[in-house]
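Open the structure in your viewer and keep the selection box handy. We'll go stop by stop, and at each one I'll say what to pick and what to look for.

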Amino acid sequence: MFWVIQENLKNEIGFERLLRAINLRSLPFEIIKIIPFSHDFVSEPHITEDAVIVSGSTALSKIAMERGWKPGAFLNDNFDFSVWKEAYKGLLLNEDGTIEEFGKLDPKEPIFVRPCSDHKTFAGFIIEPDKLQTWQEQILGISDGYATLTPETLVLSATPKLIYEEYRFFVIDGQVITGSLYKAGDYLRFSRDCNEEARTFAESAAQVWQPDRAFVIDIATTPNGPKIIEINCLTSSGFYEADVDCLVGALEKSFG
């Protein structure tokens, strides 16, 4: 496949490993830049293959979809929480989660909040009621037309949960290809040494339902066993310490 890779704007720790894996296989690729607040490239990539895959931001994945690149980006409406909360009922960390407009949230206690969509408007986190109110007021005051978060944005809100560790697993056609620990308690910690129970749970969940042939699933270990935190688009997810060489090989085998 031809790889279209966004320049390493966020210092993704797996960026150099991705380039090494691609060069090791002598695969064609181009590193691109996206014009801010647009779906256009600074310079058009010179694609030399019929099969094209991307790696970068959600904006790049959207461009791939708009241009009809195949496999392009594994991104569709299935990545909205309103869809996968039904598909994974009984397996979710935030089983008690509700969907509300951001501007209408009015909790009396701290809540976990994240966007329903996989558009990376903001990362999920726990917030106090007074700080949420201040944030809502700030968002209400933004009316420049470029805001990605508005009072009408649908978000998931849920009670905070006790989490021991958080893992990311990369799934292709129902099989976990590789994974990484990315958080232990309240601290970021990256390791390719994954909890086997969490890995088995991720693969079992993939047998229940898959949002696309390739996707990312984040698993939490909790007092009640492994639970699904969220699913994400594979082509716009961080690698952490996952085996990127193994992932590239699996993607080439399945889609190249």
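What follows is a walk through sheets, a hairpin, a surface patch and some salt bridges.

**Before you start.** This is a predicted model, where local features need pLDDT of at least 70 and side-chain atom pairs count only at pLDDT 80 or more, while totals for chains, interfaces and linings use all residues. Residues are numbered from 1 along each chain as its sequence is written, and side-chain values use heavy atoms, with hydrogens and water left out.

**Stop 1: the parallel sheet.** Helix and strand names here are DSSP runs numbered from the N terminus (H or I with at least four residues for helices, E with at least two for strands). Select strands E1 (2-6), E2 (29-32) and E3 (52-55), then add E4 (71-72). You have an open sheet of four strands in the order E2-E1-E3-E4, with parallel pairing; two strands count as paired if DSSP finds at least two bridges between them. E2 and E4 are the edges, each pairing on one side only. Zoom in on E3 and E4, which are joined in the parallel sense by two bridges; Val 52 sits opposite Pro 71 of E4.

Now show helix H2, residues 58-67. H2 packs on this sheet and touches E1, E2, E3 and E4, and its direction makes about 160 degrees with that of E3. Contact here means heavy atoms within 4.5 Å. For the angles, axes are lines fitted to C-alpha atoms (for helices, over the stretch in contact), and values run from 0 to 180 degrees between N-to-C directions.

**Stop 2: helix H1.** Select residues 15-24. Which residues of H1 are buried? They are Phe 15, Arg 17, Leu 18, Leu 19, Ala 21 and Ile 22. Buried means under 20% relative accessible area, exposed means over 50%, and partly exposed is in between (1.4 Å probe, protein chains only). The buried residues of H1 pack against E1, E2, E3 and helix H6. Just after H1, click on Ser 26: its phi is positive, near 55 degrees.

**Stop 3: the antiparallel sheet.** Next, pick E5 (98-101) and E7 (125-127), the edge strands of another open sheet, each pairing on one side only. The sheet has four strands in the order E5-E8-E6-E7, with antiparallel pairing. From one strand to the next, the twist averages 40 degrees. Three bridges link E6 (residues 111-115) to E7 in the antiparallel sense, and Phe 112 stands opposite Ile 126 of E7. Helix H4 (residues 129-140) packs on the sheet, touching E6 and E7, with its direction at about 100 degrees to that of E7.

**Stop 4: strand E9 and its partners.** Select residues 165-172. Is E9 mostly covered or mostly open? Mostly covered: seven of its eight residues are buried. E9 runs antiparallel to E10 (residues 175-184), with eight bridges joining them, and Ile 172 has Gln 175 in E10 as its bridge partner. The two strands form a hairpin with two residues between them, and Asp 173 in the turn has a positive phi of about 50 degrees. E9 also pairs with E12 (residues 214-222), again antiparallel and over eight bridges; there, Glu 165 is opposite Thr 221.

**Stop 5: a nonpolar patch.** Switch on the surface and color Ile 13, Leu 188 and Phe 190. Together they form a nonpolar patch with about 300 Å² of accessible area. Patches are built from residues with over 30% relative accessible area and no salt bridge, joining like charges within 9 Å and nonpolar side chains (Val, Leu, Ile, Met, Phe, Trp, Tyr) within 5 Å; the areas come from the Shrake-Rupley method with a 1.4 Å probe, and for residues only the protein chains shown count as cover. Leu 188 belongs to strand E11 and is exposed at 66% relative accessibility.

**Stop 6: salt bridges.** The rule: a side-chain nitrogen of Lys or Arg within 4 Å of a carboxyl oxygen of Asp or Glu. By that rule there are 12 salt bridges. Try these:

- Asp 243 and Arg 192, at 3.8 Å from N to O. Asp 243 is in the loop between E13 (225-232) and H6 (244-255), and Arg 192 is in the loop between E11 (187-191) and H5 (196-208), so the pair ties together parts 51 residues apart in sequence. Salt bridges that share partners also join Lys 85, Glu 86 and Lys 89 into one network.
- Lys 85 and Glu 86, at 2.7 Å from N to O. Lys 85 is partly exposed at 22%, and so is Glu 86 at 42%.
- Glu 101 and Lys 104, at 3.8 Å from N to O. Glu 101 is partly exposed at 26%, whereas Lys 104 is exposed at 58%.
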